Amino acid sequence: MSGRIFKAEGLVLRTRVLGEADRLVTLLTWQNGKFEAVARGARKTKSRLAAGVDLFTYGRFTFHRGKTWPVITGQEPIERFSQFRDDPDLYSYGIYLAELTDRMVGGEEPCAEIAQLLLDGWSMLGKNTERFLLCRAFELKLAHVAGYSPHLHSCTGCGSEKAVSFSPRQGGLVCSSCLGTDHIKMDPGTAAIARRLIEAPLAQANQVRLTAAQKKELGRVTAAFLTYHLDLGDIKSRRLLNDY
Ligand SMILES: [Zn+2]
């Protein structure tokens, strides 16, 4: 970020109240990674900035470098995902994708691939895509892009292709000889589905067919993997989703 004025295309991940009338907005941008910026006067009813800095907004922003935080001086919303604010269930899913991304991205290094993934995720949610598979695909792809892809081709311990379980601690499949205390059943069909969700574009997640048992395994494996291997701890918004 050189110069006093800079522009970036980004997504509003989070906003919080700042002082009497301002908002502090957490943005995930294609060019400058994740950072906080002040939207001055955004809590006043007549503010021109207010609508452009709502949670979930995708837009182009202009900033002036401030003493503590950059100050948003201009905004041009491209998509506001306003349907998320009208539907509490959709809102929970939108927040979940935002919170997961927020926790995964550290600082101001460029992260165009992750920003695009979140934009795609919100867009798919807005199109009423099947939410269970969309969320699992999002989690797995996010981990993959961040460099923490689970090992899903063979046993992480010995390389055997007869892997029957998943170990969050070992970060992948394990065979019956290499089982630890933390293993979760994952049959080869479920592992193949997880690989497909990582490799295929997010828009194809709803084309995957899975049985009730595979759905349960996939949900348990991804939750345990994210919590343990990525050290994300408890993700509050996950509890609001109705498929856990
Ligand atoms: Zn093994």
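Me: How is the expected span of a helix found, and what does helix 3 show?

Reply: The expected span is 1.5 Å times one less than the number of residues in the helix. This model is predicted. Helix 3 has 15 residues and should therefore span 21 Å, and its end C-alpha atoms are 21 Å apart, which agrees.

Me: Which residues of helix 3 are buried?

Reply: A residue counts as buried if 20 or more other C-beta atoms lie within 10 Å of its own. In helix 3 the buried residues are Ile-114, Ala-115, Leu-117, Leu-118, Leu-119, Gly-121, Trp-122, Met-124 and Leu-125.

Me: What do the buried residues of helix 3 pack against?

Reply: Their partners are strand 1 (5-18), strand 2 (22-29), strand 4 (58-64), helix 2 and helix 4 (131-145). After helix 3 comes Asn-128, with a positive phi near 60°.

Me: How is the protein chain divided into domains?

Reply: Domain 1 covers 1-128 and domain 2 covers 132-244. The distance between the C-alpha centres of domain 1 and domain 2 is 29 Å.

Me: How many residues of each domain are in contact with the other?

Reply: The size of an interface is often given as the accessible area lost when the parts come together. Here the contacts are given as residue counts: 17 residues of domain 1 are in contact with 17 residues of domain 2. On the side of domain 1 that touches domain 2, helix 2 (88-104) and helix 3 (112-126) each supply at least two residues. Helix 2 gives the most to that side, with 10 residues.

Me: How do the residues on that side of domain 1 divide by character?

Reply: The side of domain 1 that touches domain 2 has 10 nonpolar, three polar and four charged residues.

Methods: Residues are numbered from 1 along each chain as its sequence is written. This is a predicted model: local features need pLDDT of at least 70, side-chain atom pairs count only at pLDDT 80 or more; totals for chains, interfaces and linings use all residues. Domain bounds come from an automatic or database domain assignment. Two residues are in contact if their C-beta atoms, placed from the backbone, lie within 7 Å. Helices (H or I, at least four residues) and strands (E, at least two) are DSSP runs, numbered from the N terminus. Ala, Val, Leu, Ile, Met, Phe, Trp, Tyr, Cys and Pro count as nonpolar, Asp, Glu, Lys and Arg as charged, and the others, Gly among them, as polar. A residue is buried if 20 or more other C-beta atoms lie within 10 Å of its own, exposed if 12 or fewer, and partly exposed in between; C-beta atoms are placed from the backbone.
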